[in-house]
Amino acid sequence: MREYELKILDSLIDITPGNWDAMTEGNPTLCHAYLQSMIDAGCTTAKSGWLPQFLTLWRDIDGQQTLCGAVPLYVKSHSYGEYVFDWAWAEAYQRHGLAYYPKLLAAVPFTPCSGGRLLAKTSADKKILVDGLINLAGQSEVSSLHVLFPNAEDHQLLTNAGMMLRTSIQFHWQNAGYSGFDDFLAT
């Protein structure tokens, strides 16, 4: 018998918010309320091109199925709301008679912020999630698997598993103690 089970969920409604949030390291864009509100509002649905397919890792702990890991994962039918410009890839696929969409995307919808994408407390559980992502992509009728803006640890685990690195530039503004916009312009 396996010591864990991977499940795909199309909603977080049946997961206790505290259990999910315990894995997010306090990142508000990964919290249960934020991700579920995107579904409830119709922002992340099949109709909007963001079909939730959260990859979850469960273990039997003291006779209870316990959430031990997760990935915010979506089946995408377009590239809107990702803040990554892969239109050239879609065009190249089309020129060769291939379908670029649907694709799998592990990301925070409409949010170009770096952070955890492999939500788990241990590296071993994160490795299980990586393997699960790669297996899911291989078994699904998708063109590819993308993980956007992962933190350094997740990035390393994904690279170690053979995923290719996409290099881009992201600009970050730092508030150097400005009290308002005029203060900023004065510098």
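This is a short walk through the strands, one helix and the largest pocket of the model above. Keep in mind that the model is predicted.

Let me start with β3. This strand covers residues 54-61. How many of its 8 residues are buried? The count is 6, so β3 is largely enclosed by the rest of the structure. The cut-off for buried here is under 20% relative accessible area.

Now the partners of β3. On one pairing we have β1, residues 5-9. β1 and β3 run antiparallel, with 5 bridges. For a landmark, find I8: L55 in β3 stands opposite.

The other pairing is with β4, residues 64-71. Again the sense is antiparallel, this time over 7 bridges. Here the landmark is W58, whose bridge partner in β4 is L67. β3 and β4 form a hairpin, with 2 residues between the strands. Look at D62 in that hairpin: its phi is positive, near 55°.

A quick reminder on pairing. Strands in a sheet are joined by backbone hydrogen bonds, and the sense can be parallel or antiparallel.

Next, the open sheet. It has 4 strands, and the pairing is mixed. What is the strand order? Reading across, it goes β2-β5-β6-β8. At the edges sit β2, residues 50-52, and β8, residues 145-147. Each of these edge strands pairs on one side only. From one strand to the next, the twist averages 30°.

Zoom in on β6, residues 103-106. β6 and β8 are parallel, joined by 3 bridges. Within that pair, A106 faces V147 of β8. Hold on to V147; we will meet it again.

Which helix lies across β5, β6 and β8? That is α4, residues 123-139. The helix runs at about 150° to β8. The β5 stretch in question is 73-76.

Last stop, the largest pocket. Its volume is about 940 Å³. The lining takes in 29 residues. Which of them are closest to the centre? They are V147, L148, M164, L165 and R166. So V147 does appear twice in this talk: opposite A106 in the sheet, and among the residues closest to the pocket centre.

Several elements feed the lining. α3 (87-95), β8 and α5 (152-160) each supply at least two residues. What about the classes? By class, the lining splits into 18 nonpolar, 9 polar and 2 charged residues.

To recap: β3 pairs with β1 and with β4. β8 is an edge strand of the open sheet, and β8 also helps line the largest pocket.

Note on methods:
Residues numbered from 1 in each chain as written. Predicted model: local features only at pLDDT ≥ 70, side-chain atom pairs only at ≥ 80, totals over all residues. Heavy atoms only, no water. Pairing = 2+ DSSP bridges. Axes fitted to C-alpha atoms, helices over the stretch in contact; angles between N-to-C directions. Contact = heavy atoms within 4.5 Å. 1 Å grid on protein atoms, 1.4 Å probe; cavity = no way out; pocket = protein on both sides within 12 Å on 5 of 7 lines; lining within 4 Å. Points joined across faces, edges and corners; volume = space filled by probe spheres on them. Nonpolar A, V, L, I, M, F, W, Y, C, P; charged D, E, K, R; others polar. Buried < 20%, exposed > 50% of the residue type's maximum accessible area, 1.4 Å probe, protein only.
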